[in-house]
Amino acid sequence: MKAAFLTGIRQMEIRETAPPEITDPHNVLLRVGVVGVCGSDVHYYTTGRIGSLVCEYPEWTGHECAGTVVAVGDQVKRLKVGQRVAVDPLIPCGHCDQCLSGREHTCRNQAFLACPGQATGALAEYLVMPERSCYAIPDTMTMVQAAVIEPLSIGLYAQRLAQMQPGAKIAILGSGPIGLCVLLASRAACDCTVYATDLLDERLAVAQRYGATWTGNPKETDVVRAIRELEPLGVDFVFECAGQQETLDQSVELLKPGGTVLMIGIPEVDRVSFSIHILRRKEIRLQNVRRQNQCMASAIELVSNGAINLDQLVTHHFSLAETKRAFDLVADYRDGVVKAIVHVAA
Ligand SMILES: [Zn+2]
Ligand SMILES: [Zn+2]
(Lines give C-alpha, C1' and ligand atoms only; values in the text may rest on other atoms or scores of the structure.)
(Ligands and ions follow the chains in the order given, each with its own letter.)
Protein backbone atom coordinates (compact mmCIF):
# COMPACT_ATOMS: atom_id res chain seq x y z
CA MET A 1 0.00 0.00 0.00
CA LYS A 2 0.99 3.62 -0.32
CA ALA A 3 1.67 5.64 2.83
CA ALA A 4 3.11 9.05 3.69
CA PHE A 5 6.32 9.07 5.73
CA LEU A 6 8.23 11.91 7.32
CA THR A 7 11.82 11.46 6.18
CA GLY A 8 13.48 14.49 7.81
CA ILE A 9 12.69 18.02 8.93
CA ARG A 10 10.16 19.31 6.41
CA GLN A 11 10.72 16.24 4.29
CA MET A 12 8.09 13.74 3.29
CA GLU A 13 7.76 10.89 0.83
CA ILE A 14 4.95 8.68 -0.33
CA ARG A 15 6.36 5.17 -0.11
CA GLU A 16 5.18 1.67 -0.86
CA THR A 17 4.90 -0.43 2.32
CA ALA A 18 3.29 -3.70 3.41
CA PRO A 19 -0.39 -3.30 4.31
CA PRO A 20 -1.24 -4.02 7.97
CA GLU A 21 -2.95 -7.25 9.00
CA ILE A 22 -5.45 -8.06 11.71
CA THR A 23 -3.46 -9.85 14.44
CA ASP A 24 -5.79 -9.16 17.39
CA PRO A 25 -9.35 -10.57 17.13
CA HIS A 26 -10.75 -7.27 18.46
CA ASN A 27 -9.29 -5.29 15.57
CA VAL A 28 -10.73 -4.10 12.29
CA LEU A 29 -8.99 -3.37 9.01
CA LEU A 30 -9.94 0.00 7.52
CA ARG A 31 -9.58 1.37 4.04
CA VAL A 32 -8.62 4.94 4.92
CA GLY A 33 -10.87 7.47 3.21
CA VAL A 34 -9.97 10.93 4.44
CA VAL A 35 -7.32 12.33 6.83
CA GLY A 36 -7.24 15.80 8.36
CA VAL A 37 -3.89 17.53 8.80
CA CYS A 38 -3.47 18.42 12.48
CA GLY A 39 -1.19 21.00 14.06
CA SER A 40 0.56 18.20 15.95
CA ASP A 41 1.35 16.31 12.70
CA VAL A 42 2.87 19.52 11.40
CA HIS A 43 4.82 19.94 14.66
CA TYR A 44 6.56 16.62 13.97
CA TYR A 45 7.01 17.62 10.33
CA THR A 46 8.71 20.97 11.06
CA THR A 47 10.62 20.17 14.27
CA GLY A 48 10.95 16.37 14.35
CA ARG A 49 9.56 16.07 17.86
CA ILE A 50 6.94 16.99 20.44
CA GLY A 51 8.52 17.07 23.89
CA SER A 52 10.21 13.73 24.56
CA LEU A 53 8.63 12.05 21.50
CA VAL A 54 11.22 12.24 18.76
CA CYS A 55 10.73 11.09 15.14
CA GLU A 56 12.73 8.12 13.93
CA TYR A 57 12.83 8.39 10.16
CA PRO A 58 11.07 7.21 8.16
CA GLU A 59 8.24 8.14 10.55
CA TRP A 60 4.51 7.53 10.01
CA THR A 61 2.20 10.52 10.05
CA GLY A 62 -1.49 11.47 10.27
CA HIS A 63 -4.10 10.61 12.89
CA GLU A 64 -7.40 12.42 12.21
CA CYS A 65 -9.13 9.98 9.97
CA ALA A 66 -12.26 8.32 8.70
CA GLY A 67 -12.46 5.10 6.73
CA THR A 68 -14.45 2.08 5.69
CA VAL A 69 -14.29 -1.30 7.41
CA VAL A 70 -12.95 -3.90 4.96
CA ALA A 71 -12.27 -6.83 7.35
CA VAL A 72 -13.05 -7.63 10.99
CA GLY A 73 -11.42 -9.84 13.63
CA ASP A 74 -13.25 -12.82 15.17
CA GLN A 75 -14.17 -10.95 18.35
CA VAL A 76 -15.49 -7.81 16.66
CA LYS A 77 -19.11 -7.32 17.75
CA ARG A 78 -20.50 -3.97 16.56
CA LEU A 79 -18.82 -3.23 13.26
CA LYS A 80 -19.41 -4.90 9.91
CA VAL A 81 -17.60 -4.87 6.60
CA GLY A 82 -18.71 -1.87 4.56
CA GLN A 83 -19.48 0.35 7.52
CA ARG A 84 -17.98 3.85 7.54
CA VAL A 85 -16.32 5.01 10.74
CA ALA A 86 -14.74 8.02 12.42
CA VAL A 87 -11.56 6.98 14.18
CA ASP A 88 -10.33 7.87 17.65
CA PRO A 89 -6.54 7.71 17.11
CA LEU A 90 -6.00 6.48 20.68
CA ILE A 91 -5.27 2.81 21.38
CA PRO A 92 -5.63 2.39 25.16
CA CYS A 93 -4.41 -0.70 27.05
CA GLY A 94 -7.79 -1.18 28.73
CA HIS A 95 -6.42 -2.50 32.03
CA CYS A 96 -4.28 0.16 33.77
CA ASP A 97 -5.62 2.31 36.63
CA GLN A 98 -6.36 5.16 34.20
CA CYS A 99 -8.31 2.99 31.76
CA LEU A 100 -10.21 1.35 34.62
CA SER A 101 -11.20 4.74 36.03
CA GLY A 102 -12.55 6.02 32.72
CA ARG A 103 -9.47 8.00 31.79
CA GLU A 104 -8.34 6.12 28.70
CA HIS A 105 -6.85 9.32 27.27
CA THR A 106 -4.19 9.26 30.01
CA CYS A 107 -3.68 5.47 29.73
CA ARG A 108 -0.23 4.58 31.00
CA ASN A 109 0.42 2.15 28.13
CA GLN A 110 -1.30 3.98 25.32
CA ALA A 111 -0.40 4.10 21.68
CA PHE A 112 -1.56 6.96 19.51
CA LEU A 113 -1.53 6.95 15.72
CA ALA A 114 1.71 8.28 14.26
CA CYS A 115 3.27 9.10 17.63
CA PRO A 116 6.92 8.01 17.35
CA GLY A 117 7.41 4.46 18.62
CA GLN A 118 3.69 3.95 19.33
CA ALA A 119 1.63 3.14 16.25
CA THR A 120 1.52 3.47 12.47
CA GLY A 121 -0.04 6.53 10.84
CA ALA A 122 -3.38 7.23 9.23
CA LEU A 123 -1.89 8.73 6.07
CA ALA A 124 -1.84 5.30 4.48
CA GLU A 125 -4.25 3.34 2.33
CA TYR A 126 -5.01 0.84 5.11
CA LEU A 127 -5.06 0.98 8.87
CA VAL A 128 -5.75 -1.58 11.60
CA MET A 129 -7.53 -0.26 14.70
CA PRO A 130 -9.25 -1.79 17.72
CA GLU A 131 -13.01 -1.87 17.22
CA ARG A 132 -13.40 0.26 20.37
CA SER A 133 -11.56 3.14 18.65
CA CYS A 134 -13.94 3.17 15.68
CA TYR A 135 -17.29 4.95 15.70
CA ALA A 136 -19.86 4.17 13.01
CA ILE A 137 -21.14 7.31 11.30
CA PRO A 138 -24.64 7.84 9.89
CA ASP A 139 -25.23 7.68 6.11
CA THR A 140 -25.87 11.43 6.07
CA MET A 141 -22.35 12.21 7.29
CA THR A 142 -19.58 12.75 4.74
CA MET A 143 -16.14 11.22 5.14
CA VAL A 144 -14.69 14.74 5.38
CA GLN A 145 -16.99 15.56 8.28
CA ALA A 146 -16.09 12.24 9.88
CA ALA A 147 -12.38 13.06 9.70
CA VAL A 148 -13.04 16.28 11.63
CA ILE A 149 -14.93 14.47 14.41
CA GLU A 150 -11.73 13.86 16.39
CA PRO A 151 -10.65 17.54 16.61
CA LEU A 152 -14.28 18.47 17.30
CA SER A 153 -14.30 15.96 20.16
CA ILE A 154 -11.30 17.79 21.65
CA GLY A 155 -13.20 21.09 21.55
CA LEU A 156 -16.19 19.36 23.10
CA TYR A 157 -14.10 17.76 25.83
CA ALA A 158 -12.42 21.09 26.71
CA GLN A 159 -15.81 22.79 26.82
CA ARG A 160 -17.19 20.08 29.11
CA LEU A 161 -14.15 20.26 31.41
CA ALA A 162 -14.89 23.95 31.88
CA GLN A 163 -18.41 23.19 33.18
CA MET A 164 -19.56 26.57 31.92
CA GLN A 165 -22.98 27.91 32.84
CA PRO A 166 -25.33 29.80 30.50
CA GLY A 167 -24.22 33.43 30.30
CA ALA A 168 -20.54 32.47 30.60
CA LYS A 169 -17.97 34.86 29.21
CA ILE A 170 -15.13 33.09 27.51
CA ALA A 171 -12.02 33.96 25.54
CA ILE A 172 -10.50 31.68 22.92
CA LEU A 173 -6.87 32.57 22.25
CA GLY A 174 -5.88 30.98 18.95
CA SER A 175 -8.72 30.37 16.50
CA GLY A 176 -7.19 27.52 14.52
CA PRO A 177 -9.14 24.28 14.09
CA ILE A 178 -9.08 23.44 17.82
CA GLY A 179 -10.01 26.96 18.93
CA LEU A 180 -12.86 26.98 16.42
CA CYS A 181 -13.99 23.56 17.67
CA VAL A 182 -14.07 24.97 21.22
CA LEU A 183 -16.19 27.82 19.85
CA LEU A 184 -18.58 25.40 18.10
CA ALA A 185 -18.88 23.23 21.20
CA SER A 186 -19.46 26.23 23.48
CA ARG A 187 -22.07 27.74 21.19
CA ALA A 188 -23.88 24.43 20.95
CA ALA A 189 -23.76 23.93 24.73
CA CYS A 190 -25.05 27.23 26.05
CA ASP A 191 -25.61 30.92 25.60
CA CYS A 192 -22.21 32.53 26.05
CA THR A 193 -20.19 35.57 25.08
CA VAL A 194 -17.11 34.58 23.10
CA TYR A 195 -14.01 36.68 22.50
CA ALA A 196 -11.75 35.07 19.90
CA THR A 197 -8.26 36.02 18.81
CA ASP A 198 -5.88 34.85 16.10
CA LEU A 199 -3.00 36.14 14.01
CA LEU A 200 -4.86 35.22 10.80
CA ASP A 201 -7.81 37.40 9.79
CA GLU A 202 -9.32 34.54 7.74
CA ARG A 203 -9.63 32.47 10.90
CA LEU A 204 -11.25 35.37 12.72
CA ALA A 205 -13.76 35.63 9.89
CA VAL A 206 -14.64 31.95 10.42
CA ALA A 207 -14.91 32.58 14.17
CA GLN A 208 -17.38 35.37 13.44
CA ARG A 209 -19.43 33.14 11.15
CA TYR A 210 -19.47 30.57 13.95
CA GLY A 211 -20.91 33.11 16.38
CA ALA A 212 -17.96 34.74 18.15
CA THR A 213 -19.20 37.93 19.81
CA TRP A 214 -15.93 39.77 19.25
CA THR A 215 -12.74 38.96 17.38
CA GLY A 216 -9.33 40.61 17.41
CA ASN A 217 -5.95 40.17 15.78
CA PRO A 218 -3.04 40.80 18.22
CA LYS A 219 -0.97 42.06 15.27
CA GLU A 220 -3.27 45.08 15.07
CA THR A 221 -5.01 45.30 18.43
CA ASP A 222 -3.99 45.14 22.07
CA VAL A 223 -6.41 42.29 22.58
CA VAL A 224 -6.13 42.18 26.37
CA ARG A 225 -6.96 45.85 26.63
CA ALA A 226 -9.79 45.63 24.11
CA ILE A 227 -11.43 42.65 25.83
CA ARG A 228 -10.94 44.20 29.28
CA GLU A 229 -12.71 47.32 28.05
CA LEU A 230 -15.71 45.21 27.11
CA GLU A 231 -15.42 42.94 30.17
CA PRO A 232 -14.01 45.08 32.98
CA LEU A 233 -14.51 42.27 35.50
CA GLY A 234 -12.67 39.74 33.34
CA VAL A 235 -13.84 36.53 31.69
CA ASP A 236 -14.82 33.24 33.34
CA PHE A 237 -12.80 30.92 31.10
CA VAL A 238 -9.90 31.25 28.74
CA PHE A 239 -9.27 28.46 26.24
CA GLU A 240 -5.59 28.82 25.38
CA CYS A 241 -5.28 27.15 21.99
CA ALA A 242 -2.05 28.66 20.67
CA GLY A 243 0.56 27.14 22.98
CA GLN A 244 2.50 30.40 23.17
CA GLN A 245 3.95 32.14 26.23
CA GLU A 246 2.27 35.33 25.05
CA THR A 247 -1.20 33.78 25.02
CA LEU A 248 -0.62 32.11 28.39
CA ASP A 249 0.23 35.57 29.79
CA GLN A 250 -2.88 37.02 28.12
CA SER A 251 -4.98 34.25 29.68
CA VAL A 252 -4.01 35.24 33.19
CA GLU A 253 -4.63 38.93 32.45
CA LEU A 254 -8.06 38.28 30.96
CA LEU A 255 -9.49 36.04 33.67
CA LYS A 256 -11.65 37.23 36.52
CA PRO A 257 -10.70 36.09 40.04
CA GLY A 258 -11.63 32.42 40.38
CA GLY A 259 -11.47 31.97 36.61
CA THR A 260 -10.01 28.98 34.78
CA VAL A 261 -7.51 28.75 31.97
CA LEU A 262 -7.86 25.59 29.89
CA MET A 263 -4.51 24.85 28.29
CA ILE A 264 -5.05 23.06 24.99
CA GLY A 265 -2.32 24.48 22.75
CA ILE A 266 0.89 22.49 22.44
CA PRO A 267 3.92 24.71 23.12
CA GLU A 268 7.03 24.19 21.00
CA VAL A 269 9.14 24.83 24.10
CA ASP A 270 9.58 22.45 27.04
CA ARG A 271 8.75 25.01 29.74
CA VAL A 272 6.32 27.89 30.05
CA SER A 273 5.96 30.39 32.90
CA PHE A 274 3.23 32.27 34.74
CA SER A 275 3.21 35.34 36.88
CA ILE A 276 2.69 33.54 40.18
CA HIS A 277 1.45 36.60 42.04
CA ILE A 278 -1.35 37.27 39.56
CA LEU A 279 -2.26 33.55 39.58
CA ARG A 280 -2.24 33.53 43.38
CA ARG A 281 -4.14 36.73 44.00
CA LYS A 282 -6.83 35.85 41.50
CA GLU A 283 -6.83 32.19 42.55
CA ILE A 284 -6.69 31.16 38.91
CA ARG A 285 -7.27 27.50 38.10
CA LEU A 286 -4.97 25.90 35.51
CA GLN A 287 -6.61 23.04 33.67
CA ASN A 288 -4.52 21.10 31.19
CA VAL A 289 -6.45 19.39 28.42
CA ARG A 290 -5.06 16.12 27.12
CA ARG A 291 -6.75 15.46 23.76
CA GLN A 292 -10.25 14.21 24.60
CA ASN A 293 -12.06 11.59 26.61
CA GLN A 294 -15.25 9.83 25.51
CA CYS A 295 -16.51 12.71 23.36
CA MET A 296 -16.38 11.05 19.91
CA ALA A 297 -19.97 9.75 20.00
CA SER A 298 -21.33 13.11 21.18
CA ALA A 299 -19.39 14.90 18.45
CA ILE A 300 -20.91 12.62 15.81
CA GLU A 301 -24.37 13.23 17.27
CA LEU A 302 -23.97 17.03 17.35
CA VAL A 303 -22.89 17.10 13.70
CA SER A 304 -25.47 14.65 12.44
CA ASN A 305 -28.37 16.39 14.20
CA GLY A 306 -27.30 19.74 12.77
CA ALA A 307 -26.35 21.40 16.07
CA ILE A 308 -22.81 21.84 14.76
CA ASN A 309 -21.85 22.65 11.19
CA LEU A 310 -18.24 21.78 10.31
CA ASP A 311 -18.27 23.08 6.74
CA GLN A 312 -16.52 26.40 7.45
CA LEU A 313 -13.65 24.54 9.10
CA VAL A 314 -12.48 22.61 6.05
CA THR A 315 -10.75 24.98 3.66
CA HIS A 316 -8.36 22.90 1.50
CA HIS A 317 -8.35 19.49 -0.16
CA PHE A 318 -5.41 17.37 -1.36
CA SER A 319 -4.74 13.87 -2.67
CA LEU A 320 -2.38 11.45 -0.89
CA ALA A 321 0.31 12.26 -3.47
CA GLU A 322 -0.06 15.95 -2.53
CA THR A 323 0.30 15.40 1.23
CA LYS A 324 3.56 17.37 1.45
CA ARG A 325 1.82 20.39 -0.09
CA ALA A 326 -0.92 20.08 2.52
CA PHE A 327 1.64 20.00 5.37
CA ASP A 328 3.58 22.96 3.93
CA LEU A 329 0.39 24.96 3.61
CA VAL A 330 -0.56 24.32 7.24
CA ALA A 331 3.02 24.81 8.51
CA ASP A 332 3.25 28.21 6.83
CA TYR A 333 -0.35 29.28 7.65
CA ARG A 334 -0.78 30.16 3.99
CA ASP A 335 -3.90 30.96 1.97
CA GLY A 336 -6.19 31.35 4.98
CA VAL A 337 -5.95 27.65 5.76
CA VAL A 338 -8.00 26.34 8.65
CA LYS A 339 -8.30 22.56 8.17
CA ALA A 340 -6.56 20.89 5.25
CA ILE A 341 -7.87 17.48 4.25
CA VAL A 342 -6.06 14.67 2.45
CA HIS A 343 -8.27 12.37 0.40
CA VAL A 344 -6.52 8.99 0.57
CA ALA A 345 -9.16 6.92 -1.20
CA ALA A 346 -9.99 8.41 -4.59
ZN1 LIG B 1 -5.17 16.11 15.90
ZN1 LIG C 1 -4.52 1.86 30.09
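**Group meeting talk: a zinc site, a cavity and some odd backbone spots**

Okay, so along the chain, the residues that hold the zinc ion, ligand 1, are spaced as C-x24-H-E. Keep in mind that what you're looking at is a predicted model.

Let's put names on that pattern. The protein donors are Cys-38 through its SG atom, His-63 through NE2, and Glu-64 through OE, and they lie 2.2 to 2.4 Å from the zinc. Now look at where two of them sit. Cys-38 is in the loop between β3 (27-36) and α1 (39-47), while His-63 is in the loop between β6 (59-60) and β7 (64-72). That's 25 residues apart, so this pair links distant parts of the chain.

Are these two buried or exposed? Here the cut-off helps: buried means under 20% relative accessible area. Cys-38 has 13% relative accessibility, so it counts as buried. His-63 has a relative accessible area of 3%, so His-63 is buried too.

Right, next stop: empty space inside the protein. How many cavities of 30 Å³ or more are there? The count comes to one. The largest cavity holds about 50 Å³ of space. If you want to find it on the screen, look for its lining: Asp-88, Leu-90, His-105, Phe-112, Glu-150, Arg-291 and Gln-292. Sort that lining by class and you get three charged residues, two polar ones and two nonpolar ones.

Hang on to Arg-291 from that list, as it comes up again in the backbone part. A bit of background first: most residues other than glycine have a negative phi, and most peptide bonds are trans.

So where does this model do something else? Arg-291 has a positive phi, near 50°, and it isn't a glycine. You'll find Arg-291 in the loop between β18 (285-288) and α10 (296-304). With 16% relative accessibility, Arg-291 counts as buried, because the limit is under 20%.

Tyr-333 is another residue to look at: its phi is positive, about 50°, although Tyr-333 is not a glycine. Tyr-333 has its place in the loop between α11 (323-331) and β20 (339-343).

And one peptide bond to show you. Which two residues does a cis peptide bond join? Tyr-57 and Pro-58, with omega at about -5°. Pro-58 is in the loop between β5 (53-54) and β6.

To wrap up, if you take one residue away from this, try Arg-291: it helps line the largest cavity, and its phi is positive.

Definitions and conventions: Residues are numbered from 1 along each chain as its sequence is written. Chains are lettered from A and ligands numbered from 1 in the order in which they are written. This is a predicted model: local features need pLDDT of at least 70, side-chain atom pairs count only at pLDDT 80 or more; totals for chains, interfaces and linings use all residues. Side-chain values use heavy atoms; hydrogens and water are left out. Donors are N, O and S atoms within 2.8 Å of the metal (3.2 Å for Na, K and Ca); water is not among the atoms, so sites may look incomplete. Helices (H or I, at least four residues) and strands (E, at least two) are DSSP runs, numbered from the N terminus. Buried means under 20% relative accessible area, exposed over 50%, partly exposed in between (1.4 Å probe, protein chains only). On a 1 Å grid over the protein atoms alone, a cavity is a set of points where a 1.4 Å probe fits but cannot get out, and a pocket is an open set with protein on both sides within 12 Å along at least five of seven lines; lining residues have an atom within 4 Å of a point. Grid points are joined across faces, edges and corners, and a volume is the space filled by probe spheres set on the points. Ala, Val, Leu, Ile, Met, Phe, Trp, Tyr, Cys and Pro count as nonpolar, Asp, Glu, Lys and Arg as charged, and the others, Gly among them, as polar.
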